[in-house]
Amino acid sequence: MSTPAEPLRLLLLADEPEWAALLRERLKPLGDAAVLLTAPNWAAVDSLFSHDRQAVVLATPALQPAAGRCELPTILLLDHEPAATPTGVSDWLVRGQLTSDALRRSLRHVRERGVLVATLQRLAEQDPLTGIANRQGFQALLTARLAENDGRGLALGHLDLDNFRHVNDALGHQGGDRLILQVVSRLKKELEASDQLARLGSDEFALLIDTRRDPNRAEWIAERIVEALAEPYWIDGESLLLGCSLGIAHARTQGGADPLMWHAHIAMRQAKGVQGCTFHVFNERINRNARSLADLESELRRALRRDELELHYQPRLNLADGRIVGLEALVRWRHAERGLLPPSEFVPLAEQSGLIVPLGYWVISRALRDMQALRERGLAPLHMAVNLSFRQFQDSQLLATLSRLIIEHGVDARWLEFELTETAVMRRNELVRQTMDALGRLGVRFSLDDFGTGFSSFVHLNSLPITLLKVDRSFVAEMEMREENRKLVHAMINLAHNLNLEVVAEGVETPEQMALLREFGCDQVQGFLVSKPLPVGELIEYLVQASGLELAAAF
Ligand code: C2E
Ligand code: MG
Ligand code: MG
């Protein structure tokens, strides 16, 4: 047995009292199925019934709500047949033809239309894969929730999955879809009915968190979510790890939806700097920072277009014969106001924003072009090392673009070397490995940069096509002072040799350090003692002078 339906509420807005009497009369056959409520004006209806999905407005032209102001189905009550079809209403009735049947038909018609509109609206506001709200739906939800309580007791989370594109590339879109479903189900587990979840884009989610009971609830949930998402996912019998970045912003009174979304986004971008699954809570201080970050990002974009970047090359010395055997290309930004900026000022930002991909291509082409210039000066070929960020491997065009650039510049790929940091290669990423193998087949070599600062697993190290290990300068720096550092560097050199890797010590600044490194059997050194990174013109002079000289003897 079905429960009796709630009566249909008819809200009458009429400037003539006869309408109420006429309608009551005509509604009699409907019995309890409908109730007629008269309202003095539109504002009264709006405040009481605008969220009432079960109501229908009946209005005479003088009191008809303005177009677009009323979400409820509206029937216009006319004294005479209209000359043209009335707009902005669901239907109309003419006094002389208003029978009970006509009224009933009209009500059914507008309600069916209402259901249809609601269904269409739901579809337009729903993500088809997960069934949760999409971006459009979320915006509506957020606006409504902010209005409800003037923004009090609400926090917004912006979640972004790291490297989701890899998953799609590796598992196909179906695999990617299954992963998204798993993510959504983990997120739902951490949320309650008064919270809301939405999918803003392929790998982006928004969370509305109810903090009325507990002002710290958003942080608690964020903690649980990053933990839950860090657990391995199982797709087609394979386990898979995924990083994520979650930004949290607390709504402020009268803050509005846009600033809140922007703040959560900024916090998410701050979390992106950290590996694995992390969250970050927005605060004003970070905001000031982030504003300048956003400025810097667009400036950097412009710098790239206007060719304001430069490469400086730092020579690498072979200890056995005292010759310069290689160069490392290090990028700088010649900023119009701030002068020459080191990579630490902009490379991390470029990595975060993805700009590192075009920037990286610029670096490689410039390095290849300068290799040609050195050759044209009659200088002996040198290994050219270029730093490569993990983020660059995420570009599906990496292999094709690199191959093209190498061919275009007519450079023998065997002289090209890419420096990867431990953190990049230790992600055990299949894509990284495949790209490295493919580039290796072209003859390109790889070195492990800043060795000692990450968490290399030696077993894994040995399985990657790496030929050179660069001991981080922090270990070299304190070698003279600290016995412990000396031992460490010595051990690293032995370890590299046991793995059949060559060793370069970075940041060598003093003759004492050089002497120790020689004693430990280190193969090459790089550092201010040999030379600072030099612009290409100065580098050529330096190399011309150095050629034929046994530099090592000079130290
Ligand atoms: P890195 O690859 O370890 O580069 C070596 C850094 O040590 C360079 O800093 C170099 O100037 C500095 N250095 C060399 N010898 C000495 C020394 O004797 N003493 C001291 N104190 N420092 C020395 P730089 O040029 O500021 O580069 C910093 C980092 O930025 C690089 O570290 C590299 O990780 C990154 N980087 C530079 N160029 C690029 C690039 O084109 N792409 C990417 N992805 N990263 C880059
Ligand atoms: Mg390097
Ligand atoms: Mg390094």
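Helices and strands in this tour are DSSP runs numbered from the N terminus, a helix (H or I) having at least four residues and a strand (E) at least two. The model is predicted: local features need pLDDT of at least 70 and side-chain atom pairs count only at pLDDT 80 or more, whereas totals for chains, interfaces and linings use all residues. Residues are numbered from 1 along each chain as its sequence is written, chains are lettered from A and ligands numbered from 1 in the order in which they are written, and side-chain values use heavy atoms, with hydrogens and water left out.

**Stop 1: the domains**

Colour the protein by its domain assignment, whose bounds come from an automatic or database source. Residues 8–124 form domain 1, residues 135–290 form domain 2, and residues 312–548 form domain 3. Place a centre, taken over C-alpha atoms, on domain 1 and another on domain 3; the separation is 75 Å.

**Stop 2: ligand 1 and its shell**

Select ligand 1 and expand to residues near it, a residue being near if one of its heavy atoms lies within 4 Å. The selection should hold 22 residues, of which Arg332, Asp449, Arg473, Glu509 and Phe528 come nearest. Colour the shell by class, with Ala, Val, Leu, Ile, Met, Phe, Trp, Tyr, Cys and Pro as nonpolar, Asp, Glu, Lys and Arg as charged, and the others, Gly among them, as polar. Nine residues are then nonpolar, five polar and eight charged.

Next, display the secondary structure. Strand β14 (323–335), helix α10 (356–376) and strand β18 (445–451) each supply at least two residues of the shell. The most come from β14, which contributes four residues.

Now draw the N and O pairs. A polar contact is a pair of N or O atoms within 3.5 Å; within protein, one must be able to donate a hydrogen and the other to accept it, and residues adjacent in sequence count only if both atoms are side-chain atoms. At Glu509, a polar side-chain atom lies 2.5 Å from a nitrogen atom of ligand 1. At Asp450, a polar side-chain atom is 3.0 Å from an oxygen atom of the ligand. At Val331, a polar backbone atom is 3.2 Å from a ligand nitrogen atom. Ligand 1 taken alone exposes 790 Å², and the protein buries 83% of that; accessible areas come from the Shrake-Rupley method with a 1.4 Å probe, and for residues only the protein chains shown count as cover.

**Stop 3: the two magnesium ions**

Select ligand 2 and ligand 3. Donors are N, O and S atoms within 2.8 Å of the metal (3.2 Å for Na, K and Ca); water is not among the atoms, so sites may look incomplete.

Which residue bridges the magnesium ion (ligand 2) and the magnesium ion (ligand 3)? The bridge is Asp449, and the ions lie 3.9 Å apart.

At ligand 2, the donors are Glu328 (OE), Asn387 (OD1), Glu419 (OE) and Asp449 (OD), at 1.9 to 2.2 Å. Their spacing in sequence is E-x58-N-x31-E-x29-D. Glu419 belongs to strand β17 (residues 416–421) and Asp449 to strand β18, so this pair ties together parts that are 30 residues apart in sequence.

At ligand 3, coordination comes from Asp449 (OD), Asp450 (OD), Glu506 (OE) and Glu506 (OE), at 2.0 to 2.6 Å. The donor residues follow the spacing D-D-x55-E. Asp450 in strand β18 and Glu506 in the loop between β20 (502–505) and α18 (511–519) link distant parts of the chain, 56 residues apart.

Then colour these donors by relative accessible area, where buried means under 20%, exposed over 50% and partly exposed in between (1.4 Å probe, protein chains only). Glu419 is buried at 1%, Asp449 is buried at 5% and Glu506 is buried at 10%, whereas Asp450 is partly exposed at 24%.

**Stop 4: Arg316**

Move to Arg316 in strand β13 (residues 309–318). Its side chain makes a polar contact of 3.0 Å with that of Glu417. Arg316 counts as buried because its relative accessibility is 0%.

**Stop 5: two loop residues with positive phi**

Select Asp236, in the loop between β9 (233–235) and β10 (238–240). Is Asp236 buried or exposed? With a relative accessible area of 53%, Asp236 is exposed. A polar contact of 2.5 Å joins its side chain to that of Arg178. Although Asp236 is not a glycine, its phi is positive, about 50°.

Finish at Asn163, in the loop between β6 (154–161) and α5 (164–190). Asn163, likewise not a glycine, has a positive phi of about 55°.
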